[in-house]
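Please follow the chain through the model shown here, taking its parts one after another.

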Amino acid sequence: MVRRIHHVGIVVEELTRAYGFYRDTLGLPLLKEVEIKDQGVRVALLAAREGEIELLEPVQAGTGVARFLEKRGEGLHHLCFETEDVDASLRSLKASGVALIDETPRDGLAGRIGFLHPRACAGVLVELATPVNGSHSATSPLRLKRVVIGSHDPKETAQIFQRLFALPEQGMNGGPRTMLSVGRGALLLVPADEVGGMEGMVALSVVAEDLTAVGERLRNAGAAILSGAGELTVEPRSSHGVHLHISRFE
Ligand code: CO
């Protein structure tokens, strides 16, 4: 049912400031910016190879995104899976009694979209999208690789995602972590106590075609980063609330 991670949604205070990091420092091309009036947000899509990063700025008090920003600050907000037929996907989820925010799809920035209720997916807000104009053709220095999800019971959370979206499990040699494939990307479910007790989306991993160049741009921009072997981690204060791992490995 699910083909790939279409995008991850990140709530920010101001799009223009977030462009300083995501577009200018990371180098992700801006595909479009639109105000979605009935949702009270300005939304921007940036290309991350065949996937996308969606930035959301609340422009109206009292909306879901405005409340999220007030309560949690900037950071990872939702996860969007591409599905071949969002109408059919929502119908079948509804028929199995899954809690939905949108029972029928509506027009969104990513195409025809619909949101599941976070209580359906272990506290993670999941969007389904069927792009209407195919995928974008922009080239981008980074590719979405993995979304890390903290959970008090990673096995149970994995089963929920498997049941809802038929995601295959990748072998992890035992241990408390579980990895589910989503196209070329993955969801990594980790015990909450490994990630400071946090539940829900806690980090994003991307692959860089040229890690040295990305690292140099980050250093020149004064971003707070930790360097490891073949990997960089950008601290959330420099990346609008997102724990961002950038690796040279697929
Ligand atoms: Co979205």
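In this predicted model, helix H1 is followed by Gly 27, a residue whose phi is positive, near 90°. The helix itself spans residues 15–25, and its buried residues are Leu 15, Ala 18, Tyr 19, Phe 21, Tyr 22 and Thr 25. An α-helix has 3.6 residues a turn, so residues three or four places apart point the same way.

Several residues of this helix meet Leu 55: once neighbours within four places in sequence are set aside, Leu 55 is in contact with Leu 15, Ala 18, Tyr 19 and Tyr 22, and also with Ile 10, Val 12, Arg 42, Val 43, Ala 44 and Leu 46. Leu 55 belongs to the largest nonpolar core, which has 60 residues, and it is listed with Phe 81, Phe 161, Phe 165, Leu 187 and Ile 246 as the members that touch the most others. This core draws at least three residues from each of domain 1 (2–130) and domain 2 (142–248). A second, separate core is made up of 10 residues, among them Val 11, Leu 45, Val 65 and Leu 109. In soluble globular proteins, nonpolar side chains tend to be buried together.

We turn next to the metal site. The cobalt ion has as its protein donors His 7 and His 78, each through NE2, and Glu 54 and Glu 127, each through OE, at 2.0 to 2.3 Å from the ion. Along the chain, these donors follow the spacing H-x46-E-x23-H-x48-E. Because Glu 54 lies in strand E4 (residues 51–58) and His 78 in strand E5 (residues 75–83), the pair ties together parts that are 24 residues apart in sequence. Both of these donors are buried, Glu 54 with a relative accessible area of 5% and His 78 with a relative accessibility of 1%. The arrangement around the cobalt ion is irregular, because the four donor atoms subtend angles of 82 to 163°, whereas a tetrahedral assignment would require all angles to lie between 85 and 135 degrees.

Further along the chain, Val 195 is placed in the loop between strand E12 (185–191) and strand E13 (200–208). Val 195 is partly exposed, with a relative accessible area of 23%, and, not counting residues up to four places away in sequence, it touches Gly 150, Val 190 and Val 202. Its C-alpha atom is separated by 18 Å from that of Ile 246, a residue 51 places away along the chain, and Ile 246 is itself one of the core members that touch the most other members.

Note on methods
Residues numbered from 1 in each chain as written. Predicted model: local features only at pLDDT ≥ 70, side-chain atom pairs only at ≥ 80, totals over all residues. Heavy atoms only, no water. Donors = N, O, S within 2.8 Å, 3.2 Å for Na, K, Ca; no water. Tetrahedral: all angles 85-135°; square planar, octahedral: opposite > 155°, others 65-115°. Helix = DSSP H or I, 4+ residues; strand = E, 2+ residues; numbered from the N terminus. Buried < 20%, exposed > 50% of the residue type's maximum accessible area, 1.4 Å probe, protein only. Core = buried A, V, L, I, M, F, W, Y, C linked by side-chain atoms within 4.5 Å. Domains from an automatic or database assignment. Contact = heavy atoms within 4.5 Å.
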